[in-house]
Amino acid sequence: MGSEGEKWGFQGNEEVNAASGMTIQGVLVKLMENLKAVNEGKPTIHLGHGDPSAFPCFRSDTSSENAIVDALRSSEFNCYPPAGGIPSARRAIAEYMSRDLTCQLSPDDVFVTAGCTHAIEIVISVIARPGANILLPRPGYPFYNARASLSHLQVRHYDLRSEQDWEIDLEAVQALADDNTVAIVVISPGNPCGNVFTYQHLKQVAETAKKLGILVIADEVYHHLNFGSKPFVPMGEFGSIVPVITVGSISKRWIVPGWRLGWIVTNDPHGILKKCGVVDSLKNYIIVSQVPATFIQGAVPQILENTKNDYFSKIINIIREDADICYDRVKEIPCLTCPQKPEGSMSVMVELNLSLLEDISDDMDFCLKLAKEESVVVLPGSSVGLKNWIRITFAVEPAYLEDGLERIKAFYHRHACHDAISKKLNLRDDDDD
């Protein structure tokens, strides 16, 4: 204990504290603190974050686990890895990503990272400069806001239009951009909306970005987790139109977020990123940053090559079933509206009708009281940029999801505004007449 009057020349960093509050993890911590310490017979149901790895039906493929074991036992990967990743991992990722592209990638286009969030940190840090701004989707993934804040990169939000399958409002994008805009972030399959962009829409995004003279950061951490009518289209397919930097990982498709293996891939056949110094900055930032464990990198070729399509199909089928359950059960809860059935990723945005609730002031109040009364955790929409909505993560055991949504329904009935319900029923009767 220091004596009274002592003075110290250090203190905590308030910018870091503020950035932490912007993240999903920061919001979930607040919600978890609001759970009742004792709620007999009601274990906590987590529908707030995209990590289904705890559920047996989502267990990763055994071939991937064997790849990790083989890499460890080989004793070939006990050393420090080179910056950017070991050659075999970079080569394997380039080949894997090239399967979906017309233009083939080389290992030099790949940088191995400690998960997708690390990839985002690197890219945002590299493109930031004094006075610059970046265009982020609303709703979106708030980690981008946090990293931009720490890099003193101004954020400008463009809207995703719920009435049009959550497509990007490209006219608004052009109005938001100026000479200091450096990039636009595009997330597909979409987190938090569960949407999947079409080939034509992504091409329009690329053409708009080219017109503005900015690069596209394509967040494809949910790549190939699409289960509706729209196929997954990689943004890198349009690298000949505009420079594209893709961030991704094995976390979601393989259901192994704890393995912390991701990548940055440059899709830039015209070499614009290299000419502008971005590639050199990526290399140099990685030199002063963390790297994924060498044995994890050593397992990458086997993981990417040996995982069978049967495993991916099984995961997609479970997530599709979950999406159906979520969409159908939400329709049974009068205060919730889902504008479109999710077609990709693991989450969906649902609008709150506060006029049907007596003592709920906003989305955060809804989520805090839901956690306290029903031990169900969902994410308030304001944390992803859309006030008075909620984000439900549905990629869980189907029975677990059914239980969680039934509890939300019970919560609604407990807080229902009976005057508003009577008025709604009367209007319906009038329409029938």
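How many helices and strands are there in the protein chain? In this predicted model, the count comes to 15 helices and 14 strands. A good place to begin is the chain as a whole, before turning to its sheets and loops.

The C-alpha trace of the protein chain spans about 65 × 65 × 55 Å along its principal axes. Its radius of gyration is 23 Å, which agrees with the value near 22 Å that a compact globule of 433 residues would have. Buried residues make up 53% of the 433 residues. Among the contacts with a separation of 6 or more, 76% join residues 24 or more positions apart. As for the outside, the accessible surface comes to about 19,500 Å², and carbon and sulfur atoms hold 49% of that area. The chain carries 40 positive and 56 negative charges, and the mean positions of these two sets lie 4 Å apart.

Turning to the strands, eight of them form an open sheet with mixed pairing, in the order S2-S9-S8-S7-S6-S3-S4-S5. The edge strands are S2 and S5 (167-168), each of which pairs on one side only. Strands of a sheet pair through backbone hydrogen bonds, in either a parallel or an antiparallel sense, and examples of both can be followed here. At one edge, S2 (residues 110-113) pairs with S9 (residues 262-267) in the antiparallel sense over four bridges. Within this pair, Val112 stands opposite Trp263 of S9. Further along the order, S3 (residues 133-138) and S6 provide a parallel pair, held over three bridges, with Asn133 opposite Thr181 of S6.

Are the two faces of edge strand S2 covered or uncovered? In a regular strand the side chains alternate between the two faces of the sheet. In S2, Val110 and Val112 lie on one side, Phe111 and Thr113 lie on the other, and all four are buried. Both faces of S2 are therefore covered, since every one of these residues falls under the 20% limit for burial.

Another set of paired strands centres on S11 (residues 347-352), a mostly covered strand in which five of the six residues are buried. S11 pairs with S10 (residues 336-337) through two bridges, and the two strands run antiparallel. Leu336 stands opposite Leu352 of S11 in this pairing. S11 also pairs with S14 (residues 389-393), again in the antiparallel sense, over five bridges. Here Glu351 stands opposite Trp389 of S14.

The loops that follow some of these strands hold backbone details of their own. The peptide bond from Arg138 to Pro139 is cis, with omega near 0 degrees. Arg138 is part of the S3 range, residues 133-138, while Pro139 is placed in the loop between S3 and helix H6 (143-150). A cis peptide bond also links Asn191 to Pro192, with omega near 25 degrees. Pro192 belongs to the loop between S6 and H8.

That loop, between S6 (181-187) and H8 (199-212), is also the place of Asn195. Why does Asn195 count as buried? The reason is its relative accessibility of 1%, which is under the 20% limit. Leaving aside residues up to four places away in sequence, Asn195 touches Asp165, Trp166, Pro189, Gly190 and Gln340.

Two residues that are not glycine have a positive phi: Arg260, at about 55 degrees, and Ser375, at about 55 degrees. Arg260 is placed in the loop between S8 (244-249) and S9, whereas Ser375 is placed in the loop between helix H13 (363-374) and strand S12 (376-377). As for their surroundings, Arg260 counts as partly exposed because its relative accessibility is 32%. Ser375, by contrast, is buried, with a relative accessible area of 1%.

Key
Residues are numbered from 1 along each chain as its sequence is written. This is a predicted model: local features need pLDDT of at least 70, side-chain atom pairs count only at pLDDT 80 or more; totals for chains, interfaces and linings use all residues. Side-chain values use heavy atoms; hydrogens and water are left out. Buried means under 20% relative accessible area, exposed over 50%, partly exposed in between (1.4 Å probe, protein chains only). Contact means heavy atoms within 4.5 Å. The radius of gyration is taken over C-alpha atoms; the globule rule is 2.2 Å times the number of residues to the power 0.38. Accessible areas come from the Shrake-Rupley method with a 1.4 Å probe; for residues, only the protein chains shown count as cover. Lys and Arg count as positive and Asp and Glu as negative; His and the chain ends are not counted. The place of a charge is taken as NZ of Lys, CZ of Arg, CG of Asp or CD of Glu. Two strands pair if DSSP finds at least two bridges between them.
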